[in-house]
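User: I would like a close look at a single part of this protein, followed by a connected account of how that part sits among its surroundings. Please take the structure below as the starting point.

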Amino acid sequence: MKRIEKIYNYMVDQSKEFLLKDILAGKGFSAASISEGLSMMRNNVSLELNNLLRADKVIKIKGRPVLFLDRETVEKLLEYKLEPGPLELEDFNELMTNEDIEDAEKSPFDSLIGYNTSLRTHIEQAKAAVLYPPNGLNTLIVGPTGVGKTLFANMMYKYAIYAKKLDPKAPFVLFNCSDYYNNPQLLLSHIFGHVKGAFTGADVEKEGLVAKANGGILFLDEIHRLPPEGQEMVFYFIDTGTYNKLGETERNRKSIVLIIGATTEDPASSLLKTFVRRIPIVINLPSFSERPSKDKLDIVKFLLANEAHRVNKAIKIDAEAIKAIIGSVSYGNIGQMKSNIQLVCANGYLNCINNKDYIEIDFKSLPSDIKKGLFSLSSKKLEMEELSQLFENQIIVMPQGYKLLAEEDPYEPTFNLYKIIEDKAAILKDEGADDKYIKNFITTDINIHLKCFYKKSKNSAQDREKILKLVNEDTLEFAEEVRALVEVELKRNFNERFLYAFSLHLSAFLKRVEYGRSLQYTNIKNTIDDKPEEFNISLKIKNLIEKKYNIKVPDMEVIYLTLLISSIQEEQNNERVAIIVVLHGSSSASSMVNVARKLLGEGVVEGIDMPLDVSPQKVLMDIIEKVNELDMGRGVLLLVDMGSLTSFDNIITKKTGISVKTIDMVSTALVLEAVRKANMLDMNLDTLYDSLKDFKGYGLYSKDSQSVLVQRSAAIITICSTGEGTAKKLKELVHNIITNITREEVFIIPIGIVNIKAELEDLMNHYNILAAVGVMNPRIAVPFISIESLMGGDGERRLMSIIKKNNIPIDKKEENIVVKQLCEDSLNEFLTFLNPHKIISVLINFVSALEKEMSSKFSNSFKIKLMLHVGCALERVIVMETLTYSGDPGTIDTKVLRYIQEAAIKFKETLKITLTEDELYYICDIFAKY
């Protein structure tokens with residue numbers, strides 16, 4: 001490293017803890033202090049400091065001694081960009097306004113938007129937690145994704161320094177428990193550390209975060225991801241201030257740490273009661289929708305100012321665009337708004353990159369998803385009026401309005417979006433591309449970068465956990481990147497079905513490459529001609545696969561990718577007929593709709609009850625509102641009973657422009673048939689109406705047709721993109737489930753999505769198809785079970801119901817094959833000495849015994865959680881590292897304890913392992929939380 005670099009890095013590193021009041025008090029770097037700190041000659045240091053001044057890296061404060069400050073640090077503290085060029089000052093106060101000097105003395109919480117309105121109570125709680133003697137009160141921050149839990153914890157840390165409860169150099173250590181939620185041992189190792197040999201792979205001793213946070217704050221984000229034993233270790237540390245590393249038996253290590261946890265879940269249901277009792281302060285942060293209008297507008301201005309600061313350009317934005325951005329926020333709160341604002345600012349920057357000194361954003365330039373926000377906000381008249389009173393037609397945000405509230409931001413992309421735009425625009429310009437092409441290309445690129453980054457934070461952890469049972473983390477992350485690309489190219493969103501299907505397809509393809517197997521491809525020309533858009537996207541995915549895995553992807557593999565994308569698109573097509581049931585009475589319509597939902601799942605169906613004392617005009621207005629809300633592009637079918645309701649369809653169509661048809665004399669059977677055909681058979685409004693207008697109910701079909709079905713062999717089909725790897729794995733799982741349910745022969749037939757219609761037609765001529773399981777709904781007149789449903793626990797029950805309905809004798813041998821396989825796979829990851837394959841049946845018997853004793857049926861997720869905990873407890877007994885119960889045994893439910901003690905006898909009888917009383921207490925805690 002060069003001398004000048006060493007000096008600059010030294011200044012940057014030493015400046016990290018600087019506060020504005022420190023600089024005002026005369027803190028800075030002299031040539032003498034740097035010379036001493038780096039053991040360099042003073043005249044050499046002076047030479048390099050002046051070189052750094054000319055390079056705009058530092059500023060110079062004249063005086064005795066002459067002081068230098070890192071320019072970026074000063075800009076962060078002043079919250080605005082300094083003018084370019086060497087900066088020499090007589091006094092640092094030349095850069096300060098009276099307001100800046102006052103801000104230096106303000107509480108850090110005063111920087112938060114809503115500090116004296118929507119966050120006032122929450123800040124008072126936080127201050128009380130920090131100031132409570134001697135070392136503060138441990139705190140839990142609760143709130144949905146994106147409300148600012150990490151920022152709030154950071155403000156608590158800064159306030160502790162401001163109030164002199166912590167040293168300015170005290171650590172603030174942030175750790176996200178979800179990063180290692182599928183590996184509890186590694187998670188606990190990160191928090192508490194481990195000794196050499198504590199577990200497989202622990203080759204050297206490691207300090208934990210508890211040690212690193214000594215004298216400061218440890219922030220555990222998504223704390224509900226801590227396993228029960230981890231929560232127990234944390235609350236023991238809270239109680240005693242002592243802990244042990246993994247692999248140690250004595251808790252003789254000490255650390256003084258204030259713990260702040262954050263969770264999106266309900267603490268009562270996601271954390272042990274014994275753990276929650278040790279967190280005296282719980283702060284529930286409001287969602288974005290719960291904030292007042294002024295707060296929402298101030299948040300928009302703040303985020304826009306941050307983007308203006310990045311590019312050092314003013315941003316002009318019109319009123320309609322601001323309202324659309326505010327209305328576009330749904331699931332992700334402020335985090336989602338930040339993503340949306342970065343997207344619109346990046347597009348605005350692209351438009352002004354060569355010809356304007358400001359970024360202009362108007363409603364017309366917004367992406368369609370964000371434009372919809374204005375229509376969402378329009379339904380909230382009061383909020384629209386409040387916002388209109390807060391600003392005129394346009395807002396101008398200057399770069400000087402920038403504020404840095406926290407060093408680390410989970411919603412801050414790791415890449416410089418504006419640098420990407422500049423670099424790619426320059427490259428494309430050099431290659432001779434015109435402005436229109438450059439704009440289209442870079443707009444797509446912007447979308448991909450942002451969608452890929454923010455999609456990861458949005459994904460449900462439970463969905464990821466299920467997918468990770470089938471593929472590895474690397475494959476899933478690549479699938480998320482591909483999903484972002486496909487969403488941008490096709491201008492639509494895809495749910496977790498895409499991740500399931502693509503991850504499994506990719507995993508199977510990589511296996512084929514590994515073993516040198518190839519597939520037979522047919523009908524290629526038709527696929528390219530029929531689906532050109534999907535084919536071009538698949539070519540891009542092919543390039544991504546080749547680049548990432550350093551393999552050659554056959555051109556023909558693109559055909560399967562094309563079919564995969566096409567089938568998922570069809571499966572997830574949102575355009576379908578909506579159904580509204582309207583009946584006289586206080587609950588008749590809602591009752592019918594509930595029956596349909598229970599039997600057929602969630603469809604686009606709603607009920608409107610019409611009490612006899614409500615006027616027809618009022619009901620008409622309610623229906624019009626519901627029609628506008630539910631229409632998905634194919635119109636609405638009204639199912640009514642009688643009277644004025646039968647004549648509403650033409651009036652509604654005239655008022656809304658949405659096609660509406662009505663069928664009267666509604667029955668539960670008619671509602672079921674309408675929902676089934678609209679959702680599963682994908683009918684349009686006219687076809688659906690024609691098929692239902694003479695519907696007389698179920699129950700009348702010929703005995704001849706029934707006998708034909710009985711004579712054919714029963715079969716279940718499993719579907720994946722190729723019919724190879726994944727479908728065969730599904731075949732094995734479904735086969736295990738079916739052979740466990742019945743002794744009768746049921747053929748399990750794997751097929752691919754190439755020529756699926758022809759294959760199905762042939763199979764239906766030879767087999768009685770009972771059900772389809774896989775990555776896409778084949779839309780035939782049999783039940784479909786998605787992979788998600790099969791893995792999530794509902795699929796096995798549905799398969800048994802299907803077998804029963806087809807009059808096939810039931811001879812069930814074991815309970816829950818899916819739980820058995822998933823649990824055994826997980827235990828393979830956690831256990832070192834015990835053989836999961838041998839103990840799984842004992843664990844299942846243990847759980848079954850508890851269900852019988854407690855007269856209760858546990859959910860699949862609870863069974864897996866309980867079996868994993870007990871499996872690890874059995875291993876702890878073997879290696880003599882059992883947990884010591886730190887709670888009060890007197891609070892244990894003695895009845896539950898007795899049930900567990902009796903069921904645990906099975907371990908002694910079959911494995912010669914006896915669980916300790918303390919381990920049994922912890923199992924009781926799991927039930928207390930259930």
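What is the order of the strands in the open sheet of five strands, and is the pairing parallel or antiparallel?

Analyst: The model is a predicted one, and what follows should be read in that light. The five strands of the open sheet are arranged in the order S5-S8-S11-S4-S12, and their pairing is parallel. At its edges lie strand S5 (172–176) and strand S12 (281–284), each of which pairs on one side only. From one strand to the next, the twist averages 20°.

At the S5 edge, the pairing can be followed residue by residue: S5 and strand S8 (residues 216–221) run parallel and are joined by five bridges, and within S8 it is leucine 218 that serves as the bridge partner of valine 173. Helix H7 (residues 120–131) packs on the sheet, where it touches strand S4 (139–142) and S12, and the direction of the helix makes about 155° with that of S12.

A second set of paired strands offers a useful comparison, centred on strand S13 (residues 314–318), which is mostly covered, with four of its five residues buried. S13 pairs with strand S14 (residues 358–361) in the parallel sense over four bridges, and there isoleucine 317 has isoleucine 361 of S14 as its bridge partner. With strand S15 (residues 394–397), S13 pairs in the antiparallel sense, again over four bridges; here the partner of aspartate 318 is glutamine 394 of S15. Both senses belong to the general picture, in which the strands of a sheet pair through backbone hydrogen bonds, either parallel or antiparallel.

Turning to the helices, helix H17 (residues 368–378) has Ile370, Gly373, Leu374 and Leu377 among its buried residues. These four cover an arc of only 95° around the axis, and therefore lie on the same side of H17. The general rule behind such a pattern is that an α-helix has 3.6 residues a turn, so residues three or four places apart point the same way. On the other side of H17, Lys372 and Phe375 are exposed, whereas the cover over the buried residues of the helix includes helix H15 (319–327), helix H16 (333–352) and helix H18 (381–390).

Helix H22 (residues 473–490) is largely enclosed by the rest of the structure, because 14 of its 18 residues are buried. Its length can also be checked: at 1.5 Å a residue, the 18 residues of H22 should span 26 Å, and this agrees with the 26 Å that separates the C-alpha atoms at its ends. Just after H22, lysine 491 adopts a positive phi of about 55°.

A loop residue gives a contrasting case. Threonine 249 is placed in the loop between strand S9 (242–243) and strand S10 (253–254), and it counts as exposed because its relative accessibility is 64%, where the cut-off for exposed is over 50%. Although threonine 249 and leucine 883 are 634 residues apart in sequence, their C-alpha atoms are 9.4 Å apart in space.

These parts belong to a protein with 41 helices and 23 strands, in which buried residues make up 51% of the 930 residues. Among contacts with a separation of 6 or more, 73% are between residues 24 or more positions apart. The protein exposes about 44800 Å², of which carbon and sulfur atoms supply 49%.

Note on methods. Residues are numbered from 1 along each chain as its sequence is written. This is a predicted model: local features need pLDDT of at least 70, side-chain atom pairs count only at pLDDT 80 or more; totals for chains, interfaces and linings use all residues. Side-chain values use heavy atoms; hydrogens and water are left out. Helices (H or I, at least four residues) and strands (E, at least two) are DSSP runs, numbered from the N terminus. The expected span of a helix is 1.5 Å times one less than its number of residues. Buried means under 20% relative accessible area, exposed over 50%, partly exposed in between (1.4 Å probe, protein chains only). Two strands pair if DSSP finds at least two bridges between them. Axes are lines fitted to C-alpha atoms, for helices over the stretch in contact, and angles run from 0 to 180 degrees between N-to-C directions. Contact means heavy atoms within 4.5 Å. Accessible areas come from the Shrake-Rupley method with a 1.4 Å probe; for residues, only the protein chains shown count as cover. The arc is that of the directions from the helix axis to the C-beta atoms.
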